[in-house]
Amino acid sequence: MMRENPWYIKYTLVLAGVILTIYAMIEARTVLLPLLFAIFFSVLLAPVCNRLERLKIPGLLAILITISAGLLLLGGLGFLFYTQIVVFADDVTLIQERVEELIEGFESFIARWLGSDTTSLISLDELEASLIEIVRNNTDAFTRGLAGAASFLTAAFLVPVYMFLMLWFRDFLEEFLMRVFAGGADEDREMMGKLVLRIKLVVQHYITGILTVILILAVLNSITLMVIGVNHAIFFGTFAAMLNVIPFIGPIIGSLLPIVYSILTMDSLIYPVVILASFYVIQIFEANLFTPVIVGSRVSLNALITLLLLFIGAQVWGLAGMILFIPIGAVLKVVFDEVESLKPYGFLMGRVPDKSEWKKGPLARRISRISGSNDADTGIPDQEEEKGQDGG
């Protein structure tokens with residue numbers, strides 16, 4: 001009979017494994033980031049390829065059509081932002097004049113409170129000189145930033161290449177997963193096939209749901225800013241909607257940009273207050289209606305796990321990690337829910353049930369299922385299933 005290792009040995013092994021894994025993820029980010037983006041987008045586009053192939057289009061041509069359509073859509077969005085930024089550049093003079101007015105008002109305020117005449121506490125010339133000095137003293141940092149931009153462009157080129165190869169070899173890669181994790185037993189292969197299917201559905205549901213929510217928010221934000229009278233409403237509204245992919249932090253940054261712009265370019269302070277209130281109302285609808293209904297409970301992670309994934313992703317991979325770690329967490333939850341020994345961790349990651357949900361009757365439970373909620377996420381046992389199991 002083998003002797004069980006003491007707790008401190010287990011703890012040391014687990015801690016070493018976690019540290020080595022995180023270190024490897026940080027060091028291999030240039031390889032892992034384009035690969036993960038390619039995996040998620042390939043899973044999203046695989047149904048389109050399958051549908052085109054069912055229409056008797058050759059597999060190679062179907063893949064090229066699918067990837068080209070995705071790139072054209074992304075390029076169109078980039079062109080929209082480029083045109084908006086070009087128009088936005090015309091307001092630089094107006095913003096500079098407004099900043100000068102604010103600085104003069106601040107100097108006058110300080111002068112009244114100090115009871116003496118102050119001259120030029122701060123000026124744009126001094127700010128410009130300070131910025132030049134900062135650039136001079138941080139040349140190395142800017143060089144590293146340019147190198148990072150170059151690596152980003154390289155990664156952006158690799159993503160469609162990886163996507164093409166993954167779509168071309170998608171059946172082969174799925175069979176590889178079967179052989180690695182299922183072996184030769186029919187029951188294991190069937191279980192693994194269901195798990196792979198659930199992961200595909202989770203990824204597809206998450207990405208399509210997020211894109212739909214972004215589209216709805218872009219329309220609502222843009223219309224709101226147009227009604228208020230903010231220039232470049234489409235740019236600010238779309239940009240704020242895209243930042244919504246980053247939980248908690250993204251919506252705050254997205255709302256600050258039009259607020260600051262309205263302070264600098266509009267005459268009254270009522271405009272930024274109205275923008276803040278409008279964006280707050282839209283975010284309430286997004287958090288309580290759009291995301292729960294459209295994205296659904298298939299990828300439901302509770303707020304604590306989402307926040308942890310967000311900050312861990314930021315520490316490991318920066319902005320890309322903040323975007324990627326949420327769907328990675330959703331995929332891990334699917335795996336945890338299917339593996340018996342890991343089910344408690346899947347329960348920990350899932351939606352936290354209210355006390356009232358534990359007391360739901362069969363009819364309320366069915367309504368919850370129809371509306372998109374999933375009792376498996378809350379760990380609430382289905383009374384009808386329990387009765388069926390007891391009786392059968």
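A residue counts as buried when its relative accessible area is under 20%, as exposed when it is over 50%, and as partly exposed in between, using a 1.4 Å probe and protein chains only. By this rule Phe239 is partly exposed, because its relative accessible area is 29%. Keep Phe239 in mind, as we will come back to it.

First, a word on what you are looking at. This is a predicted model, in which local features need pLDDT of at least 70 and side-chain atom pairs count only at pLDDT 80 or more, while totals for chains, interfaces and linings use all residues. Residues are numbered from 1 along each chain as its sequence is written, and side-chain values use heavy atoms, with hydrogens and water left out.

Let us start with the whole chain. The protein chain has 18 helices and 0 strands; here helices (H or I, at least four residues) and strands (E, at least two) are DSSP runs, numbered from the N terminus. Of its 392 residues, 32% count as buried. A contact means heavy atoms within 4.5 Å. Among contacts between residues at least 6 apart in sequence, 64% join residues at least 24 apart.

Now back to Phe239 and its surroundings. Phe235 and Phe239 both sit in helix α9 (residues 233–243), 4 residues apart, about one turn of the helix. To talk about their rings we need a rule: rings of Phe, Tyr and Trp (its six-membered ring) pair if their centres lie within 6.5 Å, and planes under 30 degrees apart count as stacked, over 60 as edge-to-face and the rest as tilted. The count by this rule comes to 8 aromatic pairs. One of them joins Phe164 and Trp168, and this pair is stacked because the ring centres are 6.5 Å apart and the planes lie at 5°. Phe164 and Trp168 are 4 residues apart in helix α6 (residues 139–168), so about one helical turn separates them. Phe164 is partly exposed, because its relative accessibility is 23%, and Trp168 is partly exposed too, with a relative accessible area of 44%.

Phe235 and Phe239 also form a stacked aromatic pair, with 6.1 Å from centre to centre and 10° between the planes. Is Phe235 buried or exposed? Its relative accessibility is 12%, so Phe235 counts as buried. Phe235, Phe236, Phe239 and Tyr261 together form one aromatic cluster.

Tyr261 leads us to the next helix. Tyr261 is one of the α10 residues that meet α9, along with Gly250, Pro251, Ile253, Gly254, Leu257 and Pro258; on the α9 side are Phe236, Phe239, Ala240 and Leu243. By class, this contact has 9 nonpolar, 2 polar and no charged residues, where Ala, Val, Leu, Ile, Met, Phe, Trp, Tyr, Cys and Pro count as nonpolar, Asp, Glu, Lys and Arg as charged, and the others, Gly among them, as polar. The axes of α9 and α10 come within 7 Å and cross at roughly 160°. Axes are lines fitted to C-alpha atoms, for helices over the stretch in contact, and angles run from 0 to 180 degrees between N-to-C directions. Angles under 35 degrees count as roughly parallel, over 145 as roughly antiparallel, 65 to 115 as roughly perpendicular and the rest as oblique. Therefore α9 and α10 are roughly antiparallel to each other.

How do α10 and α11 pack? Helix α10 (residues 249–265) and helix α11 (residues 270–295) meet at an angle of about 160°, with their axes 9 Å apart, so these helices, too, are roughly antiparallel to each other. Pro251, Gly254 and Pro258 are among the α10 residues that meet α11, whose own side includes Tyr271, Ile275 and Phe279. The residues of this contact divide into 9 nonpolar, 4 polar and no charged.

Phe279 brings in helix α8, where Asn221 is found. Asn221 is buried, because its relative accessible area is 2%. Leaving aside neighbours within four places in sequence, Asn221 is in contact with Gly237, Ala240, Ala241, Phe279 and Ile282.

Finally, take a look at two loops. His232 is found in the loop between α8 (186–228) and α9, and its phi is near 60°, a positive value in a residue other than glycine. Lys56, in the loop between α2 (29–54) and α3 (59–89), has a positive phi near 70°. His232 counts as buried at 12% relative accessibility, whereas Lys56 is exposed, with a relative accessible area of 75%.
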